[in-house]
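Student: I would like a close look at one part of this structure: a helix and the partners it packs against. Please take me through the contacts, then add whatever else helps to place them.

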Amino acid sequence: MLLRLTARSIRRYTSSSSSSLPALFFSASSFCTVPSMAVNHPKDEAYLSAVIPKRIKIFEQIQANQLEKLKSLPHDPIKITLPDGNVKEGRKWETTPMDIAAQISKGLANSALISAVDDVLWDMTRPLEGDCKLELFKFDSDKGRDTLWHSSAHILGQALEQEYGCQLCIGPCTTRGEGFYYDGFYGDLGLNDNHFPKIEAGAAKAAKEAQPFERIEVTKDQALEMFSENKFKVEIINILPADETITVYRCGPLVDLCRGPHIPNTSFVKAFKCLRASSAYWKGSKDRESLQRVYGISYPDQKQLKKYLQFLEEAKKYDHRLLGQKQELFFSHHLSPGSYFFLPLGTRVYNKLMDFIKKQYWQRGYTEVISPNMYNMSLWDTSGHAENYKDNMFTFDIEKQEFGLKPMNCPGHCLIFQHRVRSYRELPMRLADFGVLHRNEASGALSGLTRVRRFQQDDAHIFCTTEQVKEEVQGVLEFIDYVYKIFGFTYELKLSTRPDKYLGSVETWDKAEADLKEAIEAFGKPLVLNEGDGAFYGPKIDITVSDAMNRKFQCATLQLDFQLPDRFKLEYAAEDEAKRVKPVMIHRAVLGSVERMFAILLEHYKGKWPFWISPRQAIVCPISEKSQKYAEKVQKEIHDAGFYVDADLTDRKIDKKVREAQLAQYNYILVVGETEAATGQVSVRLRDSAAHSVKSIEDLLEEFKAKTAEFV
C-alpha cells in the first residue's frame, strides 16, 4: 500500500563517494568564523518560492479532504491490547497510539517515538483503524532509535532545502545503526564541514518549533503534481505502479515523499549534529548527476550526543586503514582501486581465517570445490543476475560473446549439482568455495576493506530436500554461533522478507519465509523482522554482529532459495528412482567477505590480535651479542613448531627492544641472555604486562599449542 523505499532500493539510487580516510567531526562551536563560500553561496530563491507554497497548498487540500472523510466514518468502540495483556478501549478512526500512551503515563507520552499496530510500524498520531495489538517504542529500542534518525533526516532535509534551495533526493536512516543522511542536488556547490553551523542552526530552529509530522496518502498523479519541479522525486514516483498509494509527510515547510512512519514532532530531537559531507552519484551511476550527501546524528538528549562524539574520537584511533598501515598488513594502490595488496603479515591473518573455517568445514560435513572466475553471460541470464545485478558486474567481450566475472558463486554451484544425475542419498550436499569474486562497486562507495571490488567469501551452498531445510538452517546457525563466540561478538538475527523486485510466486516466498522463521524459533534466538530487504531470489537471515565498541556490522548471511533450482532445472532421484524432485538451495556465509571480516576483527581487537590468529606471535630478544646464537636457536625451534617468530638481533639496549616489540604487538617477547642460554630457558614477557616468568622451550611450546587450540 505504501511507497516502499527499502535499504536495498536506496543503495541502488545513490552511492557515496566519501573519502577513504576517517572523517573528522567538529561541533559548530569550534568555528570562530565561517568562510565566505559557506555564507554567501546564493540559494535558488526562485525554486524555493515556487515549490514550497505549492507543495504546502496541495498537501493541505488533500489533508483536509482526508480529515473530512475520517470524520464521516463510524467511530465504533475498539479494543487495544497492550504487550502485558492489558486492554484499553478506544474509538475507531479517532483514538491514536499517543492517546493510549497518555493514558498510561505522562512520561511515556513524552518519550514514546513510534508504535507498532499488529506488528506494523505506525505513527503515534495516526488514528487506529480497528481492534488491534499495540506496542510503544522509545529511543532505547531499535525501532524507536531508527525512527528518530529517519525523522531527523527530514529535519536535515528541511535545513538544507531552506538554506541552499537544493533539490532533495533521498534521506534515510543509515543501515549500520549510526545516524542518517540526506542527498541533494546543489548544482556546482560542494558542501563541507564549514557549512555545518548554518545547517545545524536550521535544524535547531525546526526542533524548537515542535513541527508535527503529518501524513497523507496520495495517488501517483497527485504525487507527480506535488513534486513536478524535482526531477529526482519524479523519477522515483514514475517507477511505481499506476495504482500505488503513496505516502507524503510534512514537517514545517518541508513536504517530502516518504514511506514513514515518523516521530510525533520535531521537538523530540533534542541534540543534532552534522558529521561529514561527501559527494554521491544519483542511482549510483557515474554517468548521472553528482549529488551532495550530508551525514548526521541525533539523540533525545545532549548527554547521549556527547557520549557518541567521544566514542567517535576513540574509534578513529583504531580505524583498520590506519592500523593496517601501521602494522604493515595491507595497502591499496591507485592502479587497482578497490582491490587490496595483502603484505606477508596480513596474509598470515587472512590465511588463518580461511584455515579456521576450512577445519570447521571438515568437521561439519562440507565439501570444498573450485569453480571458474568468468562465465558466459547466458549463465547469468539463466540465474536472473543479468536482469537484477548486471550493473554490479564486470563484463567484457570475448570472440563476440559477452562474459562476466562472477560476483557470487551460486550459479556455478548449480552447474556442479547439474553435472550428473543426483540421488536423494547424496543430500544434503554442502558445497564450499573460496573463489575470488568481483563486484563493480561505484568508486565513491569503496571504503577500505569493508567495501571492495575484489574479495573472497567463505561461500557455501547447501542442496537439500524440503524436509531437511529446518535441520540445515539450524546447523548453519550453530556454525555461526560457534565462530562468533570465538571472536567475542554478540549478534542478532534479522529475517529479511520479499523485496519489491523478486523472482517466483508469492506462495513460494511465503513458504520459504515460514521455514526460516520456524528454524530461528527452534534455534532459540530472538528474531527481528526486516521487511522488504530479502534477496531477489529468496528470503534471508541477516546476522548483525556487535564488536567490542558496540558497533554493528552485517557479516554472515543465510538465504533460502527456491528459485535457482527451478531456473537451472535442478533435480535429484527420489527414493522411488523413477521420480525426480527439485532440491531446495541454501546460500550461506559465516565470515562473509574475508576482507571485511579482517577489517572488523582488526578494529574489534584494537590492533591487539589474539595469539591464535596473530601475525606476530613471538619475538626473541638477545640481551647482548654473546646470546645471539642462542636466540637464533630458540627462534628456529619455535619456527619449526609452526609458530610465527622473529628475532631482534640489533645492537639496541634490551629495554628498547622490549618496548619496540610491545608497540609492534608481539604477543610474546622472549628475552635471552647468558643465563638462559646456559639453562635452555627463556625469560617470557607478555605484550600487555610488565610481569615476566622463566620457562623452558618445551613448556613454552606447550603453552603456544594450548592457546592455539583454545583460540586465545
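Tutor: What follows starts with one helix and its two crossings, then turns to a further helix pair, a cavity and some backbone details.

The model is predicted. The part to look at is helix α16, residues 469-487. Take its crossing with helix α17, residues 506-523. The two axes lie 9 Å apart, at an angle of about 50°. Angles from 35 to under 65 degrees count as oblique, so α16 is oblique to α17. The crossing of this pair is right-handed.

Now the residues. From α16 come Val 469, Lys 470, Val 473, Gln 474, Leu 477, Glu 478 and Asp 481. Facing them in α17 are Asp 515, Leu 516, Glu 518, Ala 519, Ile 520, Ala 522 and Phe 523. By class, this contact holds 8 nonpolar, 1 polar and 5 charged residues.

Helix α16 also meets helix α12, residues 344-364. Here the axes come within 12 Å and cross at roughly 145°. This crossing, too, is right-handed. On the α12 side, the contact uses Leu 353, Phe 356, Ile 357, Gln 360, Tyr 361 and Arg 364. On the α16 side, it uses Gly 475, Glu 478, Phe 479, Tyr 482, Val 483, Ile 486 and Phe 487. The count is 9 nonpolar, 2 polar and 2 charged. Follow Glu 478 through both lists: this residue of α16 touches α17, and it is also part of the contact with α12.

For another helix pair, go to α20 (residues 628-640) and α23 (residues 697-709). Their axes come within 11 Å and cross at roughly 35°. Again the crossing is right-handed. Tyr 630, Val 634, Glu 637 and Ile 638 of α20 meet Ile 697, Leu 700, Leu 701 and Phe 704 of α23. In this contact 7 residues are nonpolar, none is polar and 1 is charged.

Next, empty space. A search of the whole structure for cavities of 30 Å³ or more returns 1. The largest cavity has a volume of about 30 Å³. Its lining consists of Arg 55, Glu 161, Leu 168, Phe 227, Asn 230, Lys 233, Val 255 and Asp 256. Sorted by class, that lining has 3 nonpolar, 1 polar and 4 charged residues.

Last, the backbone. Most peptide bonds are trans, and most residues other than glycine have a negative phi. Some sites here depart from that pattern. Gly 260 and Pro 261 are joined by a cis peptide bond, with omega about -5°. Pro 261 sits in the loop between β11 (254-257) and β12 (271-282). Leu 427 and Pro 428 are also joined in cis, with omega about 0°. Pro 428 belongs to the loop between β20 (422-423) and β21 (429-433). Then there is Lys 400: not a glycine, but with a positive phi of about 65°. Look for Lys 400 in the loop between β18 (395-398) and β19 (401-405).

Key
Residues numbered from 1 in each chain as written. Predicted model: local features only at pLDDT ≥ 70, side-chain atom pairs only at ≥ 80, totals over all residues. Heavy atoms only, no water. Axes fitted to C-alpha atoms, helices over the stretch in contact; angles between N-to-C directions. Helix = DSSP H or I, 4+ residues; strand = E, 2+ residues; numbered from the N terminus. Parallel < 35°, antiparallel > 145°, perpendicular 65-115°, else oblique. Left-handed = near helix turned anticlockwise from the far one by under 90°. Contact = heavy atoms within 4.5 Å. Nonpolar A, V, L, I, M, F, W, Y, C, P; charged D, E, K, R; others polar. 1 Å grid on protein atoms, 1.4 Å probe; cavity = no way out; pocket = protein on both sides within 12 Å on 5 of 7 lines; lining within 4 Å. Points joined across faces, edges and corners; volume = space filled by probe spheres on them.
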